[in-house]
Amino acid sequence: MREKILTGNEIDIIMTGYTASYGISCILHNYEIELKENLSAELVEKAKMISDEVLRTKLDKAIAESVDSSAIVYSAGEGGIFKALWDMAEKYRTGIVADIKKIPVRQEYIEICEYYNINPYMLNAKGSHLIMTAYGNRMLRGLGSAGVRCALIGYTVCSNDRIIVNGEEKRYIDSRIEDELKKFGGLIK
């Protein structure tokens, strides 16, 4: 059935969770005091609470119950959501278009990433999943009913292009994405 899923422009890409949750959790684990000295303590505590909650949530059962058998589920991890999009497109030999404004990310995460001058979309996204499905809206409803944070972020295209759009601007995803945690020596929580 994979061939059926990847043959048209009508294949939706859904993302579960928030981008960078695992990476933010690692940074908070190692640099919480520094962050509280330079950002608001409330922002840091909220980011910590959200990332811990996201990482504790067991999505496997909810995803399995909400995803039809023709869908493809791809786990994100090192290199963040941009790397996951690239790798998924490469594995399934398809092009993709994703809208950066639709990729779920917390404002608290953005502020922490701005402080360290790192890209949240290239920060470890372990715990998030990408799902390719011909039934995006139905799957969104099923996942939402199961309490899974998810968003429709893009679609496949019949080419090899891996594109991120931001309004009228578009950029191509680079195949050589390195996880932003490497700037910290590859933090592990």
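**Figure 1. Two arginines sit over tyrosine rings in this predicted model.** Start with Arg106, which lies over the face of Tyr18 at 5.6 Å from the ring centre. The other case is Arg138: its charged end is found over the ring of Tyr135, 4.3 Å from the centre of that ring. Both distances count as a charge over a ring, because the cut-off on distance is within 6 Å of the ring centre, alongside a limit of within 35 degrees of the ring normal.

**Figure 2. Four aromatic residues join up through ring pairs.** The structure has five aromatic pairs in total. Take Tyr31 and Phe184: their ring centres are 5.5 Å apart and the planes meet at 50°, so this pair is tilted. Tyr31 belongs to helix α2 (residues 21-38), while Phe184 is in the segment after β7 (169-172), so the pair ties together parts that are 153 residues apart in sequence. How buried or exposed are the two partners? Tyr31 is partly exposed, with a relative accessible area of 25%, and Phe184 is buried, with 15%.

**Figure 3. Phe184 also pairs with Tyr116.** Here the ring centres are 5.0 Å apart and the planes are at 80°, so the geometry is edge-to-face. Planes over 60 degrees apart get that name, which is why 80° qualifies. Again the pair links distant parts of the chain, with Tyr116 in helix α6 (residues 107-116) and Phe184 in the segment after β7, 68 residues apart. Tyr116 counts as buried, at 18% relative accessibility. Put Tyr115 in the picture as well and you have the cluster that ring pairs build from Tyr31, Tyr115, Tyr116 and Phe184.

**Figure 4. Helix α5 is largely enclosed by the rest of the structure.** This helix covers residues 80-91, which makes 12 residues. From its first C-alpha to its last it reaches 16 Å, close to the 16 Å expected at 1.5 Å a residue. Nine of the 12 residues are buried, so there is the reason for calling the helix largely enclosed. The buried set includes the aromatics Phe82 and Trp86, and also among them are Gly80, Ile81, Lys83, Ala84, Leu85, Met88 and Ala89.

**Figure 5. Two residues other than glycine have a positive phi.** As background, most residues other than glycine have a negative phi. Arg93, which follows α5, has a phi near 50°. Its place is in the loop between α5 and β3. Arg93 is exposed, with a relative accessible area of 74%. Then there is Asn117, whose phi is positive at about 55°. Asn117 is found in the loop between α6 and β4 (129-133), and it counts as exposed at 66% relative accessibility.

**Figure 6. Strand β5 pairs with β1 and with β3.** Strand β5 spans residues 150-157, and six of its eight residues are buried, so the rest of the structure largely encloses it. Strand β1 (residues 12-16) runs antiparallel to β5, and five bridges join the two. One place to look is Ile14, whose bridge partner in β5 is Leu152. Strand β3 (residues 95-99) also runs antiparallel to β5, joined to it by four bridges. There, Val97 stands opposite Tyr155 of β5.

**Figure 7. Strands β6 and β7 form a hairpin.** How many residues lie between the two strands? There are two, and Gly167 in the turn has a positive phi of about 70°. Strand β6 (residues 162-166) and β7 pair in the antiparallel sense over four bridges. Within the hairpin, Val165 stands opposite Lys170 in β7.

**Figure 8. Zooming back out, the chain has seven helices and seven strands.** In sequence order the pattern reads α-β-α-α-α-β-α-β-α-β-α-β-β-β. Of the 189 residues, 53% are buried. The contacts lean heavily on distance along the sequence: among those between residues at least 6 apart, 85% join residues at least 24 apart. The accessible surface of the chain comes to about 9,700 Å², and carbon and sulfur atoms account for 46% of that area.

Key:
Residues are numbered from 1 along each chain as its sequence is written. This is a predicted model: local features need pLDDT of at least 70, side-chain atom pairs count only at pLDDT 80 or more; totals for chains, interfaces and linings use all residues. Side-chain values use heavy atoms; hydrogens and water are left out. Rings of Phe, Tyr and Trp (its six-membered ring) pair if their centres lie within 6.5 Å; planes under 30 degrees apart count as stacked, over 60 as edge-to-face and the rest as tilted. Buried means under 20% relative accessible area, exposed over 50%, partly exposed in between (1.4 Å probe, protein chains only). Contact means heavy atoms within 4.5 Å. Accessible areas come from the Shrake-Rupley method with a 1.4 Å probe; for residues, only the protein chains shown count as cover. The expected span of a helix is 1.5 Å times one less than its number of residues. Two strands pair if DSSP finds at least two bridges between them.
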